[in-house]
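Subject: Structure for you to look through

Dear colleague,

I am handing over the structure we talked about, and I would be grateful if you could open it and follow along as you read. My notes on what was found come after it.

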Amino acid sequence: MRTLEDLFAFLRSLDGRPYPAYKDLKGVWRGEGFDLAFVHVQGDPFASPSILEVRYPKEALGRLRVYAHPLGKVAVEDFLLRSLKARFRDLPRVGGMGHSGRVSVEVESPKILKRAGAHLGPSGLFLRFRLGLPAQGRRILGKEAERLFRALAQHLRGFLAELDLKALLAHVHQAEDFAYIQERLPERGLVAFVGEGAILPRESGVSQRPLQGAIPFQSPPSLRVAFPVPHAGEVLGMGLPQGLTLITGGGFHGKTTLLEALVHGVFPHAPGDGREWVVTDSLAQRVQSEDGRSVKGVDLRPFVHDLPLGQDTAFFSTEDASGSTSLAAAILEALELGARVLLLDEDTSATNLLVRDARMQALVKRETLTPLLDRVQDFKAQGVSLVLVVGGVGDYLELADTVVLMEEYRPFEVTAEARAIAEARPTGRAFGEPRYPLRVRPRAPLPESFDPRRGRKAKVKGRGLRELVYGEGVVDLSALDLFEEGQVRAIGAFFQRLLSLADGKTPLRALVERVVEAEDLFRLGEAPELSAVRPLELGAAVNRLRALEVRPASGS
Ligand code: ADP
Ligand code: MG
């Protein structure tokens with residue numbers, strides 16, 4: 001087998017030669033205690049950088065088996081990628097054009113997530129990263145490459161032995177404690193837990209870093225619960241009960257910040273994030289209005305029905321949904337995918353789907369919308385919880401199981417007060433029996449929906465956190481809660497799997513669950529930039545595919 005010394009000599013020999021001579025790097029080079037593989041070699045200095053994989057044999061893994069839970073293993077992988085990224089910051093800068101000399105390890109957010117860049121398997125540890133092979137114009141900078149690879153090899157040789165084991169343990173313990181709480185939320189009758197002292201706000205709307213000088217979270221005594229977690233001992237915090245929870249308060253008092261934290265809390269966070277102890281039901285999903293989105297074959301009747309001119313909404317499609325229609329669709333699609341907690345903010349929800357007050361009830365006789373307010377009892381009966389941020393709509397007060405008032409970023413429980421107010425000031429609105437039951441009609445996608453071809457070539461490309469170019473179209477993912485571009489890319493890769501799995505019979509939920517569970521991101525391709533999503537996100541992305549075609553799934 002070729003050794004790293006051979007690699008250095010080879011790089012030197014390439015100096016001044018045309019770029020394609022780099023292609024011979026492909027394959028495996030043996031180092032001391034690890035192998036370095038060139039998985040993909042770029043064609044020019046401006047192309048996507050080359051993909052490298054370092055492989056440590058299983059003998060090196062002993063000290064990494066510090067986990068007791070599957071999520072603990074993900075935490076080890078997550079930690080290794082972060083450590084590698086940190087180490088590579090010390091690599092020498094080499095000259096050249098385009099991506100020359102750029103080394104990147106993909107970890108984009110403080111979430112502890114499975115990513116294709118790290119894989120701990122029975123045969124060993126695999127870490128993937130990208131490296132721009134240096135060149136000036138089309139001429140290889142061989143000496144620069146050698147210098148870079150000598151430094152890289154030095155880092156890789158010491159990498160495992162010099163890991164900060166204390167920090168590794170803290171990372172793993174954080175994830176395992178998170179999993180412990182998350183798994184027990186339902187049996188404790190809770191939808192979320194927010195630990196004492198958590199830092200919820202971020203530096204800015206585009207930052208994942210905690211806001212400096214923020215007021216730490218303080219739980220209201222009446223909602224305080226304790227979890228005896230395996231590593232940190234007993235942790236205290238606010239437990240949000242199942243049912244209907246309202247988060248209310250004046251503007252700028254931290255309502256949305258709390259809801260956002262709950263949205264993020266479906267995933268564990270690395271130590272230092274501030275939201276380590278924010279834990280939300282694993283099947284929670286935020287839903288919102290989304291003007292202009294497409295909707296395909298959704299039975300909207302629980303919310304939208306009896307349109308003018310006898311238009312039916314039992315199998316409703318549109319290329320340009322309104323605020324209320326899109327919210328109705330988002331809620332029903334989330335239920336179809338198995339969500340059991342829905343998170344909504346009044347700011348991003350069409351008012352006419354949230355409420356119909358007494359005056360409007362009196363004025364409008366030919367009602368085509370059933371507001372969420374009239375479905376609260378149905379949600380409760382079906383075991384689906386709602387967490388609703390409301391500042392302006394008081395009509396929900398008598399239905400709420402829990403009312404949290406935010407004041408200067410501090411939550412207070414005001415459920416009893418809210419009930420008393422609701423009794424003292426009745427709204428006069430009629431809570432009628434909705435015309436259609438709250439029922440979801442499962443849909444089965446047709447395979448053509450997932451054809452990624454544009455002309456004869458497949459085109460699949462993530463564009464930031466909000467867009468996926470897929471075949472002829474662009475999927476707008478801005479209403480989804482995605483935290484890494486790698487998640488957008490994973491959705492693109494999963495769509496291609498759905499192309500072969502969809503058959504017009506299997507329900508969407510079964511399809512996305514199967515794909516997410518069966519597909520090992522590491523084996524899905526060679527790119528390191530893939531991060532885990534839940535079936536809920538994948539399904540929500542499918543629902544926004546304009547090429548989507550569905551049939552009612554059999555048995556419905
Ligand atoms: P609301 O939804 O009630 O109008 P937001 O959640 O949008 O309020 O919060 C308003 C502002 O207060 C935001 O800029 C946010 O970063 C900041 N903020 C939220 N929570 C805290 C906190 N605990 N400490 C300091 N600032 C906070
Ligand atoms: Mg707000």
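Strand E6, which covers residues 124–131, is a good place to begin, because eight of its eight residues are buried and the strand is therefore largely enclosed by the rest of the structure. Please keep in mind throughout that this is a predicted model.

Which strands pair with E6? One is strand E3 (residues 50–57), which runs antiparallel to E6 and is joined to it by eight bridges; within this pairing, Tyr56 has Leu125 of E6 as its bridge partner. Strand E4, made of residues 103–104, also runs antiparallel to E6 and is connected to it by two bridges, and here you can find Ser104 standing opposite Arg130. Strand E5 (residues 118–121) is likewise antiparallel to E6, with four bridges between them, and Ala118 stands opposite Leu127 of E6. If you trace the chain from E5 to E6, you will pass through a hairpin in which two residues make the connection.

From there, it is worth moving to Pro528, which lies in the loop between helix H13 (521–524) and helix H14 (535–543). Is Pro528 buried or exposed? Its relative accessibility is 4%, and because buried means under 20%, Pro528 counts as buried. When its neighbours within four places in sequence are left aside, the residues in contact with Pro528 include Arg128, Phe129 and Arg130, and also Ile51, Glu106, Ala116 and Gly117. As for Leu61, that residue and Pro528 are 467 residues apart along the chain, and their C-alpha atoms are separated by 21 Å.

A second loop residue to select is Ser349, found between strand E17 (341–345) and helix H7 (351–354). With a relative accessibility of 7%, Ser349 counts as buried, and, apart from neighbours within four places in sequence, Ser349 is in contact with Ser289, Leu327, Leu344 and Leu354. Glu423, by contrast, is exposed, with a relative accessible area of 70%, and this residue belongs to helix H10 (residues 415–424). Measuring from C-alpha to C-alpha, you should find Glu423 and Leu327 30 Å apart in space, while in sequence they are 96 residues apart.

Another hairpin can be seen further along the chain, where strand E25 (residues 467–470) and strand E26 (residues 473–476) run antiparallel and are joined by four bridges. Val469 has Val474 of E26 as its bridge partner, and two residues lie between the strands of this hairpin, in which Gly471 takes a positive phi near 60°.

Finally, please look at the surroundings of ligand 1, where 13 residues form the shell, the closest being Ile215, Phe252, Lys255, Thr256 and Thr257. The residues of this shell divide into six nonpolar, six polar and one charged. Which residues have polar atoms at the distances listed here from an oxygen atom of the ligand? In the side chain of Thr257, an N or O atom is 2.5 Å from an oxygen atom of ligand 1; for Tyr409, again in the side chain, the distance is 3.4 Å; and for His253 a polar backbone atom is 3.2 Å from an oxygen atom of the ligand. Taken alone, ligand 1 exposes 560 Å², and the protein buries 74% of that.

With best wishes

Technical notes: Residues numbered from 1 in each chain as written. Chains lettered and ligands numbered in written order. Predicted model: local features only at pLDDT ≥ 70, side-chain atom pairs only at ≥ 80, totals over all residues. Heavy atoms only, no water. Near = heavy atom within 4 Å. Polar contact = N/O pair within 3.5 Å; in protein donor to acceptor, adjacent residues only side chain to side chain. Areas by Shrake-Rupley, 256 points an atom, 1.4 Å probe, with all protein chains shown as cover. Nonpolar A, V, L, I, M, F, W, Y, C, P; charged D, E, K, R; others polar. Pairing = 2+ DSSP bridges. Buried < 20%, exposed > 50% of the residue type's maximum accessible area, 1.4 Å probe, protein only. Contact = heavy atoms within 4.5 Å.
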